[in-house]
Amino acid sequence: MTSRAFSQCDKTWKRLALATLGLMLWQASPAAAADEPDLIFRRSTVFKWVSPNDKLATYGVDDPEVDGVACHFTVPEKGGFKGWLGLAEEVSDISLACRQIGPIRFKDKMTQGDDMFRQRRSLFFKKMQIVRGCDAKRNVLVYMVYSDKLIEGSPKNSTSSVPIMPWGAADAAVQKCGEFVQ
């Protein structure tokens, strides 16, 4: 091969590398605001001199299929340059608390274990999921958070229950979650 052919091949690889980097950064950018949870607060846990600190972040999200239920979860966020660029793989330590915040109204039928919320936790292959189920015997909504990975998931998880109760004197007709499970 001539030096001109090498130069042409070099340019092709550079363009391919730039296109791949652009795609990765586009995927790492936050989704639409409606899909994002509300940040409540962050606290630093590991100080880093030059790059961003490791943090714990607490977020709030409303159940999109069940009015009157909100969940809060706390996740570790990697600092450093990898975390700053969105290249770090986040650990699977996630805590969850869900509560009734108003009258509970089901918008539609649901399946046991439906995704209530999903968020990417690394550039590729790892995501955090909050899933919802119904304990019909006790009339309780059950939420579980876990993270999974393409090859191997994590057994780390957290569960929270929301008993369906009347909300004030005007809310006498309490819905039964079992009636909304497919």
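Me: Why is K107 called partly exposed?
Reply: K107 has a relative accessibility of 48%, and the label depends on three classes: buried is under 20% relative accessible area, exposed is over 50%, and partly exposed lies in between, with a 1.4 Å probe and protein chains only. The value of K107 falls in the middle class, so K107 counts as partly exposed. This is a predicted model, in which local features need pLDDT of at least 70 and side-chain atom pairs count only at pLDDT 80 or more, while totals for chains, interfaces and linings use all residues. Residues are numbered from 1 along each chain as its sequence is written, and side-chain values use heavy atoms, with hydrogens and water left out.

Me: What makes the pair of D67 and K107 a salt bridge?
Reply: A salt bridge is a side-chain nitrogen of Lys or Arg within 4 Å of a carboxyl oxygen of Asp or Glu. The side chains of D67 and K107 meet with N to O at 3.4 Å, so the pair fits that rule. D67 lies in strand β3 and K107 in the loop between β4 and β5 (114–120), so the salt bridge ties together parts that are 40 residues apart in sequence. Strands (E, at least two residues) and helices (H or I, at least four) are DSSP runs, numbered from the N terminus. D67 has a relative accessibility of 36% and therefore counts as partly exposed.

Me: How many salt bridges does the structure hold, and how do you know that D63 and R132 form one?
Reply: There are four salt bridges in the structure. In the pair of D63 and R132 the closest N and O atoms are 2.8 Å apart, so this pair also meets the definition. D63 sits in the loop between β2 (54–62) and β3, whereas R132 is in strand β6, 69 residues apart. Both of these residues, D63 and R132, are buried.

Me: Why is R138 called exposed?
Reply: The relative accessible area of R138 is 54%, which places R138 in the exposed class. R138 also meets D135 in a salt bridge, at 2.9 Å from N to O.

Me: What makes C71 and C98 a disulfide?
Reply: A disulfide is a covalent bond between the sulfur atoms of two cysteines, and here the term is applied to a pair of cysteine sulfur atoms within 2.5 Å. C71 and C98 have an S to S distance of 2.0 Å, so they qualify. C71 is in strand β3 (residues 66–77) and C98 in strand β4 (residues 95–106), 27 residues apart. With a relative accessible area of 0%, C71 is buried, and C98 is buried at 0% as well.

Me: How many disulfides does the structure hold?
Reply: There are two disulfides, and C134 is joined to C177 with S to S at 2.0 Å. C134 belongs to strand β6, while C177 is in the segment after β8 (157–163), 43 residues apart.

Me: How do you know that Q129 is buried, and which residue shares a polar contact with the side chain of Q129?
Reply: Q129, in strand β6 (residues 126–135), has 4% relative accessibility and therefore counts as buried. A polar contact is a pair of N or O atoms within 3.5 Å, where within protein one must be able to donate a hydrogen and the other to accept it, and residues adjacent in sequence count only if both atoms are side-chain atoms. The side chains of Q129 and R118 are joined by such a contact, at 3.1 Å.
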